Amino acid sequence: MKHLISIDDLSKDEIIGILDKAEDFEDVALGLRSCKILEGKILANLFFEPSTRTRISFETAMKRLGGEVVNVSAQEASSMAKGETLADTVRVISNYCDAIVIRHFLEGAARFAAENSSVPVINAGDGAGQHPTQTLLDLYTIRKECRRLEGLTIALVGDLKYSRTIHSLIKALKLFKNKIYLVSPEILALPEEFLEELDGNAEKAKLEDIIESVDVLYVTRIQKERFLDEEEYRRVAGSYRITPEIVSRMKDGAIILHPLPRVDEIDVRVDSMRQARYFKQAFYGVPVRMAILSEVML
Amino acid sequence: MKELVISKIREGTVIDHIPAGRAILVLKILGINEKTKETVSMALNVTSKKMGKKDIVKVEGLFIKEEELNKIALIAPNATINLIKDYEIEKKFKVKLPEVVRGILRCPNRMCISNSREPISSIFYVRAEGDEVFAKCHYCGRKIKDLSQYLL
Ligand SMILES: [Zn+2]
């Protein structure tokens, strides 16, 4: 049975296969073509932690392919969690449906769910752990908007220490040959183990030194909770803010991505500039999740 | 002359070349405790040419399975095993690091599912790098070294 738990479980060819499939589904995702290949199938969204955006993206993807969705809300899931184990919940729910999308606050929960499920399990985020569908949609966006996935200069900006999106993206980017710049305050620098994984393909840099050379600027939020001192947070976060002045220095064809939600790390005036692709990136979540759903259920 | 630290056994398993202070941990890994019916003797801080000081464990009347014994390699990578029959060494071998261990190591990550109340036992992938032994949690991916600190 096919599950999707971690981006590490996929080979480069499997990743490319999913991206190609997503490409085929793009017109279906836009409502331009009908393709009901999952008709008669039921997807269970099992969310132990709220994530409306991710849940709706899966729900839309499933419905565009003709399937049905049952949602177990965070509230229902957590009251269930009080009464029984995750193992039992998954054993029961997997008898009702054809695939499960799970989001949980504990790391490894999705893998454990898969071990107890009679249907495929897709990880939609397990605590600080993995969120492979986000990574696949990030890769899809880069390939789509830059027309390639190799030979690019990619700057990862913001919280490189705690961001699960960044850690997962780094693991995937390692499979493709790209130059990576790490742009973060020292206290939010990429952990050593990820630096090792990148084996010399990444270097720390300052935004002003590299902004003219990047093809992709991937921005993440710097969270206030990471700082002891509010003053310090404001000073640091301010210096990583993407403004129209910074964007105007970017080269032709360069793009800005963000996993959303955004707070103020990207100035709203950037939204109308041609480099801003983060809303498109959010849309691409639908065809990518369609590809994943059809991959695990058919 | 070979010194006799603890009396010879007629039949059973002798585990030698355990780093000093770890004999108790070896028993823990093997699940040997006060409920075990076999006689167990330990020698601690024995002078050793190779190791300076070492511990030795002898379990009388029991041939422990090789697969079980290999788990000792997590904390005593150079341990040697002597299987004794009629006071003679019937088989001698060095423990070999297992690739996967279940239910032996504890994940230090508090947010790891393996530490929850689920019906779950920890799974770690084990790997040696030079003299050091590393293990990686199957569930959360956390890497650990100095494994003796993480025995369940
Ligand atoms: Zn773990």
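How do H4(A) and H5(A) lie relative to each other? They turn out to be oblique (neither under 35 degrees, nor over 145, nor within 65 to 115). This is a predicted model, where local features need pLDDT of at least 70 and side-chain atom pairs pLDDT 80 or more, while totals for chains, interfaces and linings use all residues. Residues are numbered from 1 along each chain as written, chains are lettered from A and ligands numbered from 1 in written order, and side-chain values use heavy atoms, without hydrogens or water.

Helix H4 (residues 86-93) and helix H5 (residues 109-116) of chain A cross at roughly 50 degrees, their axes coming within 9 Å. Axes here are lines fitted to C-alpha atoms over the stretch in contact, with angles from 0 to 180 degrees between N-to-C directions; helices are DSSP runs of H or I with at least four residues, strands E runs of at least two, numbered from the N terminus. On the H4(A) side, A:Leu86, A:Ala87, A:Val90 and A:Arg91 meet A:Ala109, A:Phe112, A:Ala113 and A:Asn116 of H5(A), contact being heavy atoms within 4.5 Å.

Over in chain A's helices H6 (residues 132-146) and H7 (residues 164-173), the packing angle is about 60 degrees and the axes are 9 Å apart. That makes H6(A) oblique to H7(A).

Chain B brings in a zinc ion, held by the SG atoms of B:Cys107, B:Cys112, B:Cys137 and B:Cys140 at 2.3 to 2.4 Å. Donors are N, O and S atoms within 2.8 Å of the metal (3.2 Å for Na, K and Ca). Along the sequence, the donor residues follow the spacing C-x4-C-x24-C-x2-C.
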